[in-house]
Each structure stands twice: as structure tokens, then as C-alpha cells.
Amino acid sequence: MQRVAVIGAGIAGLTVALRRCAAGDRVVLFEAGSNVGGQLQSETRDGFLIEHGAEGFVARSNAVPALAENAGIAGQVIEQLEQRSFRFDGAALVELAPGEAGRLLGFQVPTDELGRGIRSFVRGMAELPERIASLLHGQAEFRMNVEVQRVSPAGSGVLVTDAAGDTSVFSAVVIAAPARSAQALLSSSFGAVALALRDSALLSSLTVSLAFRRESVLHPLNGTGFIVPLPDRLRGLRAVTFSSSKLPHRAPAEHALLRLFFRPSELELEMLSDGAWLERAELALGAVLPLSGPAERGWVSRWPAALPVFDDAHRARVGALSAALVGQRVWLAGAAFHGSGIDAAVRSAESAARAMSQ
Ligand SMILES: Cc1cc2nc3c(=O)[nH]c(=O)nc-3n(C[C@H](O)[C@H](O)[C@H](O)COP(=O)(O)OP(=O)(O)OC[C@H]3O[C@@H](n4cnc5c(N)ncnc54)[C@H](O)[C@@H]3O)c2cc1C
């Protein structure tokens with residue numbers, strides 16, 4: 001039996017914790033925030049299901065359904081209701097070939113895989129991490145609102161120091177947090193090879209979910225949504241998901257829920273108020289879809305510097321740091337290191353959990 005620290009209670013950290021508890025380890029999960037799930041955050045309000053982070057996992061994924069099955073919620077997986085997507089050509093919506101929307105948005109997976117769309121859960125993407133967290137209750141120790149500050153090898157163990165200065169020694173540590181956090185945690189012990197992660201590019205994302213009475217949107221909404229190839233011409237709007245057409249259980253009857261995606265700079269994301277983002281979103285949407293009435297309500301979700309860019313330089317930095325960690329009983333897991341998205345995060349976590357047995 002090992003005493004294992006998992007840093008970050010996103011889907012990657014929770015997956016590692018589930019596997020290591022099943023292997024008989026004593027697991028402590030450190031989470032800087034007050035919720036589990038990381039970038040999987042779903043909110044249910046008056047019959048609307050708002051995804052603040054990811055809306056679904058790629059349908060080609062085997063890892064996520066297998067995890068859902070282990071967690072006892074395979075029956076909660078839902079399929080996309082619509083397949084076709086559109087592009088806004090400046091005047092009208094034009095139907096795209098399967099997979100083309102993902103390619104235009106720069107997703108780094110093969111086009112035929114993108115063409116298969118996404119899957120989600122009845123209660124939203126947060127259903128999976130929340131279910132795993134409830135299974136871990138009584139098995140793993142959760143230290144919520146505790147930000148880890150440093151991870152350093154110490155003799156045959158690994159010392160974990162939190163922001164309050166409290167320290168604990170573990171036989172193994174998994175860092176399932178963003179790359180910038182890993183850089184901060186490891187730079188005092190691993191120097192330049194950890195500090196280099198500071199140079200990896202990160203993109204910010206902001207989404208606005210708008211709820212309308214169905215009759216206010218004068219479009220059949222007969223697709224998954226549309227992308228905007230030239231966002232500068234449309235107030236920075238890059239894509240819109242027809243959430244309530246794409247997946248079931250996203251809005252009450254007689255309503256439509258649409259989600260608008262922006263990719264502002266970190267500064268722009270922070271400077272504009274929610275009210276300003278809501279106004280901007282509704283104006284941009286109205287330039288594409290005729291609207292006969294205003295949005296009844298809206299939700300703004302902010303993700304500053306949240307999306308890693310998987311270029312060669314980032315891969316090389318992760319490779320160099322991973323090599324330096326060999327034999328130190330410290331592993332990196334999650335979407336920050338091994339490919340963006342939920343499927344990659346889960347596969348990375350499964351592989352870290354397996355490596356810890358060796
Ligand atoms: C708006 C948006 C939409 C997306 N849409 C999709 C999609 O549709 N499909 C898809 O596959 N992916 C999507 N993604 C990406 C996907 O959500 C992520 O790749 C995945 O959830 C990352 O999981 P993770 O566990 O690796 O990391 P995270 O979810 O980032 O979890 C890391 C956790 O570590 C915690 N943490 C950080 N530092 C510390 C510290 N020092 N001490 C303790 N805890 C710490 C954080 O609070 C966080 O909870 C989207 C992301 C965003 C932001």
C-alpha cells in the first residue's frame with residue numbers, strides 16, 4: 001500500500017484517485033477550488049442545463065465510457081441528437097461537411113473522428129466527476145480549497161507543501177493540475193526543466209449561454225450549431241452551439257438554449273463585465289439568426305489562460321520534465337500534458353495510475 005497525493009480534482013485527478021483507491025492505496029486529493037470537476041462544471045437552473053466548461057467528450061472515446069461504466073453511470077451517457085453543422089459565410093448559414101467544423105476551429109484530432117460528434121451525460125459533463133467523487137467518499141481524503149505550493153523529493157518519499165505552509169510526506173504524487181501550476185510546484189526542485197513550462201502558450205475562453213423563448217429565434221435550429229470563420233467581423237464570436245437541439249435535457253419545452261464561444265485575450269476577458277459580454281453576445285447572435293425577442297436570461301463562463309496549445313515546443317517541454325521525474329515517484333497527468341480534451345485527460349490519468357504500480 002502506498003500513500004498517494006493527487007493534486008487537482010479535475011477528471012484526471014479523480015480518475016487517478018479512483019484507480020489507486022481500488023489498488024488499495026491511501027489517497028489524499030488536494031483541490032485549490034471549492035468544487036471537484038475542474039473544467040467540467042454543469043449548472044442546472046429552472047430546467048436549463050448550463051455547461052460552463054466542456055459540453056461533451058468525443059464520440060470516438062473508449063476511455064470515457066469505460067470510466068463511466070466503472071463509476072456505475074454508463075446508462076447516463078447521451079448521444080447527439082443532430083449531426084449537421086453550419087458555417088456563417090457573412091450573410092447566411094451554409095452546411096458543412098462532417099468534421100469540417102472541428103477542423104475550422106483548430107481541434108487537433110483527425111477529421112473523421114471529429115465527424116462523429118460528441119457524447120455527454122444526462123445531467124451534464126459534471127455528472128462524471130461528481131459521481132466519482134461520491135464513490136471516493138470515505139475512501140480517499142479530500143482537501144478542498146487547499147492550493148499546493150511545492151512538491152519536492154525528500155529521501156524515499158515526496159514532500160507536499162500547501163499554501164498555508166503545512167507539509168505532508170507521500171510515497172507517490174500525481175500532479176493533475178494545469179501546466180503553470182506544475183511549473184510552480186516543481187521549479188524549486190527541478191529548476192529550468194520545470195520553469196520552461198512558463199513559456200507554453202495558453203488560450204483563454206469565454207462562453208455565453210443565452211436562453212430564449214423558442215418562438216423568438218426565427219430559425220429551425222436543425223443542427224449542432226455554426227462556426228464563424230472570420231470572428232473579427234462578428235465581435236469576436238467564433239462559434240455557437242444550438243445546445244438544446246444538439247443534446248437532450250438542455251432546456252425546458254418552448255425554450256431554446258444557445259451557447260456562444262469567444263476567445264478573448266486574458267485582459268479583455270477580465271475587463272468586460274458580465275453585462276457587457278451578454279450584450280455583445282446577443283448583438284453578434286442577432287447578426288446571424290433573426291431574433292424576434294430578447295434573451296430571457298444568460299450565463300457568462302470565464303476561463304482565463306485555460307486551454308493548452310499542443311505545439312512541438314510544449315510537447316518537448318513536457319517530455320523533458322517527465323524524463324527528469326523518472327524515478328522520483330512524481331507523475332504528470334491530465335489534459336495539460338498529454339493532449340487537450342476529456343478523452344486525453346482520462347487516458348493520461350489511467351496511464352499514470354498504471355505506472356504507479358510498477
Ligand atoms: C470552455 C471550455 C470548453 C471545453 N469544451 C470541451 C469539450 O467540449 N470537449 C472536450 O473534450 N474538452 C473540452 N474542454 C477541455 C476539457 O474540459 C479539459 O481538457 C479537461 O476537463 C481537463 O481535465 P483535467 O483534469 O486534466 O484538468 P482540469 O479540469 O483543469 O483540473 C485541474 C484541477 O487542478 C486544480 N488545481 C490547479 N492548481 C492546483 C494546486 N496548486 N493545488 C491544488 N489544486 C490545483 C484546479 O483547481 C482544477 O480543479 C473545454 C474546456 C473549456 C475551458
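Two residues are in contact if their C-beta atoms, placed from the backbone, lie within 7 Å. Keep that cut-off at hand for these exercises, and remember that the model is predicted.

**Exercise 1. The two domains**

Find which stretches of the chain form domain 1 and domain 2, and work out how many residues of each domain are in contact with the other.

Solution.

Step 1. Start with the bounds. Domain 1 takes in 3–38 + 128–200 + 309–355, while domain 2 takes in 42–56 + 79–123 + 202–308.

Step 2. Take the centres over C-alpha atoms: those of domain 1 and domain 2 lie 31 Å apart.

Step 3. Apply the 7 Å cut-off between C-beta atoms. On the domain 1 side 10 residues qualify, and they touch seven residues of domain 2.

Step 4. Sort the domain 1 side by class. Seven of its residues are nonpolar and three are polar, with no charged residue among them.

**Exercise 2. The shell around the ligand**

Describe the residues around the ligand: which come nearest, which helices and strands supply at least two residues each, and how do the residues divide by class?

Solution.

Step 1. Count the shell and pick out its nearest members. There are 36 residues around the ligand, and the nearest are Gly8, Gly10, Gly38, Ala54 and Gly334.

Step 2. Assign residues to elements. At least two residues each come from helix H1 (11–22), strand S2 (26–31), strand S15 (202–213), strand S19 (297–308) and helix H12 (342–355). H1 gives the largest share, three residues.

Step 3. Now look at the domains. Domain 1 and domain 2 each provide at least three residues of the shell.

Step 4. Finish with the classes: 19 residues of the shell are nonpolar, 14 are polar and three are charged.

**Exercise 3. H1 and its two helix partners**

Helix H1 packs with H5 and with H12. For each pair, find the crossing angle, the handedness and the residues that meet.

Solution.

Step 1. Begin with H5, residues 127–136. Its axis and that of H1 come within 10 Å and cross at roughly 30°, and the crossing is left-handed.

Step 2. List the residues. From H1 come Ile11, Leu14, Ala17, Leu18 and Cys21, and they meet Leu128, Pro129, Ile132, Ala133, Leu135 and Leu136 of H5. By class this contact has 11 nonpolar residues, with no polar and no charged ones.

Step 3. Turn to H12. Here the axes are 8 Å apart and the angle is about 35°; H1 passes H12 in a right-handed crossing.

Step 4. List this contact too. H1 brings Ile11, Ala12, Thr15, Val16, Arg19 and Arg20, and H12 brings Ile342, Ala345, Val346, Ser348, Ala349, Glu350, Ala352 and Ala353. Nine of these residues are nonpolar, two polar and three charged.

Step 5. Check the spacing within the lists against helix geometry. An α-helix has 3.6 residues a turn, so residues three or four places apart point the same way.

**Exercise 4. What covers H5**

Name the buried residues of H5 and some of the elements that cover them.

Solution.

Step 1. Identify the buried residues: Glu127, Leu128, Pro129, Glu130, Ile132 and Ala133.

Step 2. Look for their cover, which includes H1, helix H2 (63–70) and strand S9 (118–121).

Step 3. Follow the chain just past H5, where glycine 138 takes a positive phi of about 85°.

**Exercise 5. Positive phi outside glycine**

For glutamate 254 and alanine 305, give phi, the place in the chain and the exposure class.

Solution.

Step 1. Recall the usual sign. Most residues other than glycine have a negative phi.

Step 2. Take glutamate 254. Its phi is positive, near 70°, and this residue sits in the loop between helix H8 (243–246) and strand S18 (255–262). Glutamate 254 counts as exposed because it has 8 C-beta neighbours inside 10 Å.

Step 3. Take alanine 305. Its phi is positive, about 40°, and alanine 305 belongs to strand S19. With 16 C-beta neighbours inside 10 Å, alanine 305 is classed as partly exposed.

**Exercise 6. Two loop residues**

Why do glycine 72 and alanine 97 count as exposed?

Solution.

Step 1. Place glycine 72 in the loop between H2 and strand S6 (77–79). Glycine 72 counts as exposed because it has 11 C-beta neighbours inside 10 Å.

Step 2. Place alanine 97 in the loop between strand S8 (93–95) and helix H3 (100–104). Alanine 97 is exposed because 11 C-beta neighbours lie inside 10 Å.

Step 3. Add a distance for alanine 97. Serine 85 is 12 residues away in sequence, and the two C-alpha atoms are 7.8 Å apart.

Conventions:
Residues are numbered from 1 along each chain as its sequence is written. This is a predicted model: local features need pLDDT of at least 70, side-chain atom pairs count only at pLDDT 80 or more; totals for chains, interfaces and linings use all residues. Domain bounds come from an automatic or database domain assignment. Ala, Val, Leu, Ile, Met, Phe, Trp, Tyr, Cys and Pro count as nonpolar, Asp, Glu, Lys and Arg as charged, and the others, Gly among them, as polar. A residue is near a molecule or strand if its C-beta atom, placed from the backbone, lies within 6 Å of it. Helices (H or I, at least four residues) and strands (E, at least two) are DSSP runs, numbered from the N terminus. Axes are lines fitted to C-alpha atoms, for helices over the stretch in contact, and angles run from 0 to 180 degrees between N-to-C directions. A crossing is left-handed if the near helix is turned anticlockwise from the far one by less than a right angle, and right-handed if clockwise. A residue is buried if 20 or more other C-beta atoms lie within 10 Å of its own, exposed if 12 or fewer, and partly exposed in between; C-beta atoms are placed from the backbone.
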